[in-house]
Amino acid sequence: MTTVYDVPATALIAEAAKKLSELKEVQAPEWAPFVKTGVHTEKPPVQDDWWQTRVAAVLRKVYTEGPVGTETLRAHFGGFRDRGNKPNRAVKGSGSIARTALQQLEAAGLVQTVQAKGRVVTATGRSLMDNAAHTVRGAVQKAVPELKKY
C-alpha cells in the first residue's frame with residue numbers, strides 16, 4: 001500500500017488539493033484573496049487555488065507529524081522577515097489561515113481534535129491522502145519506468 005511517505009511532497013499536495021476542491025466544506029473564505037500568508041511576505045498569493053493547496057499541505061503535515069496544533073503549523077508555514085539593515089529573523093506564519101484550514105478539515109471529517117494535544121488525521125483523511133499518494137505514484141512510475149522495481 002502506498003502511503004504519504006512514499007511519494008514526493010509537492011506532487012502529493014497538488015493531487016490532494018484537487019481532491020479537496022471537490023469537498024464543499026473546504027472553500028476559500030471571503031478574505032482569502034486579500035490576505036498575506038504572514039508578516040514575512042510582501043504580497044498575497046497569486047495562484048487562484050492557493051487555499052486548497054495550503055489546506056492540502058496542512059492535512060499532509062497533520063498526517064506526518066500529528067498531533068499538531070495551530071502554533072506548530074504557524075511555525076512550519078513561517079519564514080524570514082526582512083528587517084532592513086538588521087539581520088533577518090524567523091517569524092511565524094498566519095494563525096488565521098492555519099486555524100481556518102484546521103476547522104475546515106475538521107468539518108469535512110478529515111481530522112479530529114485530541115484533547116490537550118492537537119489534531120490528528122481520521123481514517124477518512126488517511127484514506128484520502130493514501131489514495132492521492134497512490135495516484136501520484138502511478139503517475140511517477142509512468143514517467144520514470146525504472147522506478148517500478150520499488
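This report describes the overall fold of a predicted model and then the helices at its centre of discussion, H1, H2 and H4.

**Overall fold**

The chain contains five helices and four strands, and their order along the sequence is α-α-α-β-β-α-β-β-α. Taken along the principal axes, the C-alpha atoms occupy a box of roughly 50 × 35 × 30 Å. The radius of gyration is 17 Å, which agrees with the value near 15 Å for a compact globule of 150 residues. Of the 150 residues, 37% count as buried. Among contacts with a separation of 6 or more, 63% join residues 24 or more positions apart.

**Helix dimensions**

The table sets out the end-to-end C-alpha distance of three helices beside the span expected at 1.5 Å a residue.

| Helix | Residues in helix | Expected span | C-alpha span |
|---|---|---|---|
| H1 (residues 9-21) | 13 residues | 18 Å | 18 Å |
| H2 | 16 residues | 22 Å | 22 Å |
| H4 | 13 residues | 18 Å | 18 Å |

For H1, the distance between the end C-alpha atoms agrees with the expected span. The distance for H2 likewise agrees with its expectation, and that for H4 is close to the expected value.

**Burial along the helices**

In H1, the buried residues are Leu-12, Ile-13, Glu-15, Ala-16, Ala-17 and Leu-20. An α-helix has 3.6 residues a turn, so residues three or four places apart point the same way.

Helix H2 is mostly covered, with 12 of its 16 residues buried. Those buried residues include the aromatic side chains Trp-50, Trp-51 and Tyr-63, together with Arg-54 and Lys-61. In H4, Gly-95, Ile-97, Ala-98, Thr-100, Ala-101, Leu-102, Gln-104 and Leu-105 are buried. The buried residues of H4 pack against H1, H2, helix H3 (70-76), strand E3 (111-114) and strand E4 (118-121).

**The contact of H2 with H4**

Two packed helices are described by the angle between their axes and the distance between the axes. The axes of H2 (residues 50-65) and H4 (residues 95-107) come within 10 Å and cross at roughly 75 degrees. The two helices H2 and H4 are therefore roughly perpendicular to each other. On the H2 side, the contact is made by Trp-50, Trp-51, Arg-54, Val-55, Val-58, Leu-59 and Val-62, which meet Ile-97, Thr-100, Ala-101, Leu-102, Gln-104 and Leu-105 of H4. By residue class, this contact of H2 with H4 divides into 10 nonpolar, two polar and one charged.

**Two residues of H2**

Lys-61 lies in helix H2. Its relative accessible area is 8%, which is under the 20% cut-off, so Lys-61 counts as buried. Leaving aside residues up to four places away in sequence, Lys-61 touches Gly-66, Leu-73 and His-76.

Thr-64 also belongs to helix H2. With a relative accessible area of 24%, Thr-64 is partly exposed. Its contacts, not counting residues up to four places away in sequence, are with Val-4 and Tyr-5. The C-alpha atom of Thr-64 is separated by 13 Å from that of Thr-122, and these two residues are 58 residues apart along the chain.

Methods:
Residues are numbered from 1 along each chain as its sequence is written. This is a predicted model: local features need pLDDT of at least 70, side-chain atom pairs count only at pLDDT 80 or more; totals for chains, interfaces and linings use all residues. Side-chain values use heavy atoms; hydrogens and water are left out. The expected span of a helix is 1.5 Å times one less than its number of residues. Buried means under 20% relative accessible area, exposed over 50%, partly exposed in between (1.4 Å probe, protein chains only). Axes are lines fitted to C-alpha atoms, for helices over the stretch in contact, and angles run from 0 to 180 degrees between N-to-C directions. Angles under 35 degrees count as roughly parallel, over 145 as roughly antiparallel, 65 to 115 as roughly perpendicular and the rest as oblique. Contact means heavy atoms within 4.5 Å. Ala, Val, Leu, Ile, Met, Phe, Trp, Tyr, Cys and Pro count as nonpolar, Asp, Glu, Lys and Arg as charged, and the others, Gly among them, as polar. The radius of gyration is taken over C-alpha atoms; the globule rule is 2.2 Å times the number of residues to the power 0.38.
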